[in-house]
Amino acid sequence: MKAVVYHEQGSADVLTTEEVAKPGIQPDEVLIQVKAIGLNPVDTYFRSGKRPVSSFPAIPHFDAAGIVEEVGSSAGNFQTGDRVWGTNIPSAAAEWAAAPASNIFPLPEAMSFAEGASLGIPALTAHMALFFRAALQPEETVLIYGGAGAVGHAAIQLAKHHNAFVVTTASSTEKHEIARRAGADVVLNLNDESWKEDFASASGQPGADVILDMSFSENADTDLQVLSPGGRIVAVGSPVNNMPTFPWQLLNKKYASIMGILLFTAPSAALQEAASGVQRAYDHGVFSPHVARTYPIDEAVQAHKDLESKRYSGNLVLTISE
């Protein structure tokens, strides 16, 4: 079968497309004929060396959508031919992938494979950050960094569906429009520092009850300044500095909580609830993924380069044709 492969860590140019053996499955797994593969920043971390890889050659990516071809003896109620999407799927960037049955979910008939492949890490992270970690309540104010990005875009829609007041950030006119179309009540200009000094005037809200931060090391001081007393910060990512410092005195003064989230280690029950919540929101017409661009699987190198350069706002997806 065809797969994206890398034999060493490095730039996007280490990726190649090769023929490899089709995987077998364990009793608790499902074999998926992959139609689309979602790209996420974490995929570039493993490829580049920011995170370790257990062995080489390695097949990247964790999010995929496709058709069930084989079902393990203890893999639940899936049937051959089911359309599915999933996350935490090892070696997803291939024509077939062995997926843990607990990590795959029915793909709505109205949703394309490309949209399904873009759900995994972005949408589930957004849902779990808002509800499993921050316990967002209706009418609370949530500040979501990067409202045009994959996680931020999903979080805006899910928070609005929960009747929250949504403030987000964006760095260009195009990104402002994407965030507004997703439902943001206020979009702050990320390049204008004034909102950090006077959040109330900029947002119309006295403070943020919940903050979803995609780059915590860069924003920790600001977060604790604009956070309402008793507020919660979910540190979705901290790619610039994985060991950030923050003002402890202000943390105490605000009675603040700082929470982590990592989809790879999420409790199974929380993952299942997040998937159900995302699908309910889609069924109700209040959530849809934003696919910015698709690429044939042979163009994985360009897709990784575009992801790292932030060329597009939204989800990037590799596709596999018949």
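Where is Ser91 found? Ser91 sits in the loop between β5 and β6 (96-100), and we will return to it in the last close-up. The legends below walk through a predicted model, one view at a time.

**View 1. Six strands line up in an open sheet.**
The sheet is built from 6 strands in the order β10-β9-β8-β11-β12-β13, with parallel pairing. At the edges are β10 (186-189) and β13 (257-260), each of which pairs on one side only. From one strand to the next, the twist averages 20°. Helix α3 (120-133) lies across β8, β11, β12 (227-235) and β13. Relative to β11, α3 runs at about 145°.

**View 2. Strand β8 has a neighbour on either side in the strand order.**
In a regular strand the side chains alternate between the two faces of the sheet. Here is how that looks in β8 (residues 141-144): Thr141 and Leu143 point one way, while Val142 and Ile144 point the other way. All of these residues are buried. Strand β9 (residues 165-170) runs parallel to β8, and 4 bridges join the two. Look for Val142, which stands opposite Val166 of β9. The pairing of β8 with β11 (residues 208-213) is also in the parallel sense, over 3 bridges. There, Leu143 has Ile211 of β11 as its bridge partner.

**View 3. Helices α4 and α5 pack together.**
Two packed helices are described by the angle between their axes and the distance between the axes. For α4 and α5 (residues 173-182), the axes come within 8 Å and cross at roughly 30°. An angle under 35 degrees counts as roughly parallel, so α4 is roughly parallel to α5. Which residues meet in this contact? On the α4 side they are His153, Ile156 and Gln157, and on the α5 side Ile178, Ala179 and Ala182. By type, the residues of this contact divide into 4 nonpolar, 2 polar and no charged.

**View 4. Helix α10 and its buried residues.**
Helix α10 has 16 residues (residues 268-283). How far apart are its end C-alpha atoms? They are 22 Å apart, and this agrees with the span of 22 Å that 16 residues should have at 1.5 Å a residue, because the expected span is 1.5 Å times one less than the number of residues. The buried residues of α10 are Ala270, Leu271, Ala274, Ala275, Gly277, Val278, Gln279, Ala281 and Tyr282. These buried residues pack against two strands and two helices: β5 (83-86), β7 (104-106), α3 (120-133) and α4 (150-161). After the helix comes Gly285, with a positive phi near 75°.

**View 5. Met111 and the residues around it.**
Met111 has its place in the loop between β7 and α2 (113-117). Is Met111 buried or exposed? Its relative accessibility is 2%, so Met111 counts as buried. Leaving aside residues up to four places away in sequence, Met111 touches Arg83, Gly116, Leu119, Tyr282 and Pro289. One of these, Tyr282, is also among the buried residues of α10. Another, Pro289, is 178 residues away along the chain, yet its C-alpha atom and that of Met111 are separated by 9.6 Å.

**View 6. Lys196 and its contacts.**
Lys196 belongs to helix α6 (residues 194-197). Apart from residues up to four places away in sequence, Lys196 touches Thr222 and Val226. Lys196 and Val226 are 30 residues apart in sequence, while their C-alpha atoms are 7.2 Å apart in space.

**View 7. Three loops with backbone features to look for.**
Most residues other than glycine have a negative phi, and most peptide bonds are trans. Ser91 is not a glycine, yet its phi is positive, about 55°. With a relative accessible area of 31%, Ser91 is partly exposed. Glu139, in the loop between α3 and β8, also has a positive phi, near 75°. Its relative accessible area is 66%, so Glu139 is exposed. The bond between Phe56 and Pro57 is a cis peptide bond, with omega about -5°. You can find Pro57 in the loop between α1 (41-48) and β4 (63-71).

Conventions: Residues are numbered from 1 along each chain as its sequence is written. This is a predicted model: local features need pLDDT of at least 70, side-chain atom pairs count only at pLDDT 80 or more; totals for chains, interfaces and linings use all residues. Side-chain values use heavy atoms; hydrogens and water are left out. Buried means under 20% relative accessible area, exposed over 50%, partly exposed in between (1.4 Å probe, protein chains only). Contact means heavy atoms within 4.5 Å. Axes are lines fitted to C-alpha atoms, for helices over the stretch in contact, and angles run from 0 to 180 degrees between N-to-C directions. Angles under 35 degrees count as roughly parallel, over 145 as roughly antiparallel, 65 to 115 as roughly perpendicular and the rest as oblique. Ala, Val, Leu, Ile, Met, Phe, Trp, Tyr, Cys and Pro count as nonpolar, Asp, Glu, Lys and Arg as charged, and the others, Gly among them, as polar. Two strands pair if DSSP finds at least two bridges between them.
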